[in-house]
Amino acid sequence: MRPVDTGPPRIRTLYAGFVALLAALLVGALVPVAHAATAPHHTPARPAVKASWPGNLPNTTGGRDYYIDATLGRDTAAGTSPATAWRTLAKATATTFAPGDRILLKAGEQWQDQQLWPKGSGSSGKPITISAYGDPNAGRPYIATNGHVPSPFNADGTKNPATVGLTGAIVLRNQQYWDIDNVELSNDDDFATNITSGTYVRDGIMVSINADLLPSGADSIMDHFRISDVFVHNLDGPSYWQKIHYGAVDFQVFGSKNYKSYGTGGYHFKDVRIENNTFENVELHAVQFAFNWFAADSADSGQYDESGKWHEGWEQLWVRTRDLYSRDVYIGHNYAESIGQGAIQLADTKNMTVEYNEVNGFLKRYDAVSCALYLWAGADSVMQYNEVYDGPNNEYDGTPWDLEYTNFNVTYQFNYSHDNAAGWMAYMGNSSNSVARYNLSVDDNGVLVKNMLSTNYSPTYFTNNTFVYDGADLDYVHDETFLSRVYFLNNVFYNTSTTTATPWYRRTGALRQAVFSNNDYYEAGGTHSVQEPADPRGTRADPRFVGDPADHVTGAGVDRIRDAAAHFALRDDSPLIDAGRYNPHLGTEDFLGTHLYYGDAPDIGIAESTVGPKVANPVDDDPVEEEADNRVDLALGKPVTASSTHPGANGTLTADKLTDGSLTTRWAAADDAAYPITLDIDLGADTTFDEVYLDEYTDSGTNPRVQTFELQRWDAGTGRWVTFASRDTGIGHDLTVSGFGSVTTSRLRVALTGKIATEQYTPTMTEIAVYDV
């Protein structure tokens, strides 16, 4: 039996299931036999009776109203009143509507095996609307497209420029100024069977820009979309990546050629609000924003940035450099349950706010990596007050949140995740000013900060988060190696296990670029791990939370997310009050909306106590950034001569990058370089040192490559290079070579004498530093 009118499950009581069952039974006689056993596994509680459907109220935008009644309507009628309603969605699909018009579907009616693709665009202040009219006690009008959409693929498996984007129950293509609300949608021909093979792409609402079909000189920016109070369920597709996103609400830009064939500063969406919707049993996503240039994953689609760092085409740095971001997007107060892949997967967007969304189960049927709610290749955006739970046990991503590739100024704050087996936050790299602050994580017993596959443009800040986990079940705090600076400031690490201390890392040197300050490390078993990071200003005290961590709040609904946070506020006698440290990346308020800060210093954890005087305008007079390695690098800024330099990356892979003090820049040898490859640093005068620091460049596709090397000094008396240290165990990351005593010379040579046998390419390095300890 198909689900009847349903709404977001804001109230979860024992009565909800009874009410939903009763509602389903009352309309059972109206459901077509072919769909008799096809309800999703969960039906949200029926909402309160509406005062009226929007279509029962006057049209205030100056347009004309068109009515569609699946039972009593006639396509030969005028359609301009309930008494002269059309019957089929095909009639509306064949009609071009004018600004201010409304397409009104009769409540309680169904349109089986039909798709709605009305033509035309609204205008500023006069959007075209799809909504409901009729009996307020009837369910939402229901479009059950049942998979009757064109394939976006050609016979040979390539994408079809003519049919991509036409895969929704409701479709809009190269159209703008549309409002869609109060409808129910599904798009699957067999609710009971999970599709695991083939090429099927089915959406609920598919909004696209098709760059190939825009006439010359046409507007390539699609403005103003409102999607609200929509229920989308049962969208199915195969459990593998088809290189086309699909989902309940899907915004995509399509183009059959490489993105470089199109203009700059266009091809994006603007002013979009997606709110108060419910999504259940959908593939791949509940909400999706993306580009889909057909050649975006080719070798020609990658690019080097200004520092010489290579970005694969799928990283989409070109969205930033060509200003192709969608912008001014709000996604809020949506409920997503049992989502096949990532629930709210967002890309290529700036000025985005994503808040008060609840994700109950993600990566349920997809056999590749993703996360619950995240943005990549985005900028200037915030994810806040969201709740995620019931995530998978996944070796790779699978976390609720993700600080993804090519993000600039993206903040995760005031979010609540719990009971996610893969961990808390995926963390990829190639980003700038990533901040995760005042988030609550309970029993995300996988990896708290998962992966780091490339260096960042600037440091990342994890501040005032509260992590409650079972050390016996936790994999690690961090599983890979931080490749560039990360600050952990004012966080609570609360291990509930009485038998197993916190496992901090699995790779030696994993925390090499991490600075820990003013964190609290509580071990319920009383024993601290030998891996616990050095934190001279940290504490090991019981935080004395207001509530018992074992009884954390669940099921309250995302609109009451602060109730969950308040459970982990501090009692007035907590030793964490005033034990933190101010930094501008803390922001201006805590999870509960309390001003930062009161007293002598900020508190540790997600909630600020109001004990002590209010500090109205905090000043950072003791920057944590100064606690990094501040030894004097005697090679900093010195000239470097390489025996071989790679000619690519617009000439940015030069040897001077080795002494510029930045791990985000690099030198690379030419592909045909002969060993030994030498790197000569001119120190300018006799210089004494006893340590040499070396670091290779790696990312998701680049491994360490050096197996053997020698360190040599220039002997001015003999005019020869003299070896004073050698290694055959490689370089990798953060290798400090010492134990050779004290060397004085005016020139230092790093001679790379052999590569790792399994590596094909020549070396690439980020830094050479010299110290006198």
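**Exercise 1. Place Arg749 in this predicted model and list what it touches.**

Step 1. Start with the contacts. Setting aside residues up to four places away in sequence, Arg749 touches Thr678, Leu679, Asp680, Glu710, Leu711, Gln712 and Trp721.
Step 2. Find the element. Arg749 belongs to strand β47, residues 743-755.
Step 3. Judge the exposure. The relative accessibility of Arg749 is 17%. Buried means under 20%, so Arg749 counts as buried.
Step 4. Look for a polar partner. The side chains of Arg749 and Asp680 form a polar contact of 2.7 Å.

**Exercise 2. Work out the strand order of the sheet that holds β47, and find its edges.**

Step 1. Read the order. The sheet is open, with five strands running β40-β42-β47-β44-β45. Its pairing is antiparallel.
Step 2. Find the edges. β40 (640-642) and β45 (720-727) each have a single partner strand, so one side of each lacks a neighbour in the sheet.
Step 3. Check the twist. On average, neighbouring strands of this sheet are turned by 25 degrees against each other, direction ignored.
Step 4. Examine one pair. β42 (residues 677-689) pairs with β47 over nine bridges, in the antiparallel sense. Within this pairing, Thr688 has Thr744 in β47 as its bridge partner.

**Exercise 3. Do the same for the open sheet of four strands.**

Step 1. The order is β41-β48-β43-β46, and the pairing is antiparallel.
Step 2. β41 (667-668) and β46 (735-737) are the edge strands; each has a single partner, so one side of each has no neighbour in the sheet.
Step 3. Strand β43 (residues 691-696) is joined to strand β48 (residues 764-771) by six bridges. The two run antiparallel.
Step 4. Pick a register point. Glu691 sits opposite Tyr771 in β48.

**Exercise 4. Explain why strand β28 is largely enclosed, and name its partner strands.**

Step 1. Count the buried residues. β28 covers residues 416-420, and four of its five residues are buried, so the rest of the structure largely encloses the strand.
Step 2. Take one partner. Strand β25 (residues 387-391) runs parallel to β28, with four bridges between them. Gly391 has Asn420 in β28 as its bridge partner.
Step 3. Take another. Strand β31 (residues 440-442) pairs with β28 in the parallel sense over three bridges. Here His418 stands opposite Val442 in β31.
Step 4. Inspect Asp419, which lies in β28. Its relative accessibility is 35%, so Asp419 counts as partly exposed. Asp419 is not a glycine, yet its phi is positive, about 60 degrees.

**Exercise 5. Which residues have the most contacts inside the largest nonpolar core?**

Step 1. The core has 118 residues. Those with the most contacts inside it are Phe251, Tyr267, Phe269, Trp293 and Phe493.
Step 2. Follow one of them. Beyond its neighbours within four places in sequence, Tyr267 contacts Ile209, Ala211, Leu214, Ser220, Ile221, Val253, Tyr262, Phe291, Trp293 and Leu324.
Step 3. Note the second core. This separate set of 35 residues includes Tyr356, Phe545, Ala569 and Tyr582.

**Exercise 6. Compare two loop residues: is each of Asn182 and Thr610 buried or exposed?**

Step 1. Place Asn182. The residue lies in the loop between β7 (178-181) and β8 (184-187). With a relative accessible area of 4%, Asn182 is buried.
Step 2. Find its polar contact. The side chain of Asn182 pairs with that of Asp181 at 2.8 Å.
Step 3. Place Thr610. The residue lies in the loop between α4 (561-566) and β40. At 51% relative accessibility, Thr610 counts as exposed.
Step 4. List its contacts. Leaving aside neighbours within four places in sequence, Thr610 contacts Thr594 and Tyr598.

**Exercise 7. Locate the cis peptide bonds that precede Leu284 and Tyr597.**

Step 1. The bond from Glu283 to Leu284 is cis, with omega near -20 degrees. Leu284 lies in the loop between β14 (278-282) and β15 (285-293).
Step 2. The bond joining Leu596 and Tyr597 is cis, with omega about 10 degrees. Tyr597 lies in the loop between α4 and β40.

**Exercise 8. Decide where to read the coordinates with caution.**

Step 1. Take the whole chain. The average pLDDT is 91, and 93% of the residues score at least 70.
Step 2. Find the weak stretch. Over residues 1-49 the pLDDT is below 50. This stretch still has 92 contacts in the model beyond near neighbours in sequence.
Step 3. Apply the rule. Where pLDDT is low, predicted coordinates should not be read in detail.

Terms used. Residues numbered from 1 in each chain as written. Predicted model: local features only at pLDDT ≥ 70, side-chain atom pairs only at ≥ 80, totals over all residues. Heavy atoms only, no water. Core = buried A, V, L, I, M, F, W, Y, C linked by side-chain atoms within 4.5 Å. Buried < 20%, exposed > 50% of the residue type's maximum accessible area, 1.4 Å probe, protein only. Contact = heavy atoms within 4.5 Å. pLDDT = per-residue confidence, 0-100. Pairing = 2+ DSSP bridges. Polar contact = N/O pair within 3.5 Å; in protein donor to acceptor, adjacent residues only side chain to side chain. Axes fitted to C-alpha atoms, helices over the stretch in contact; angles between N-to-C directions.
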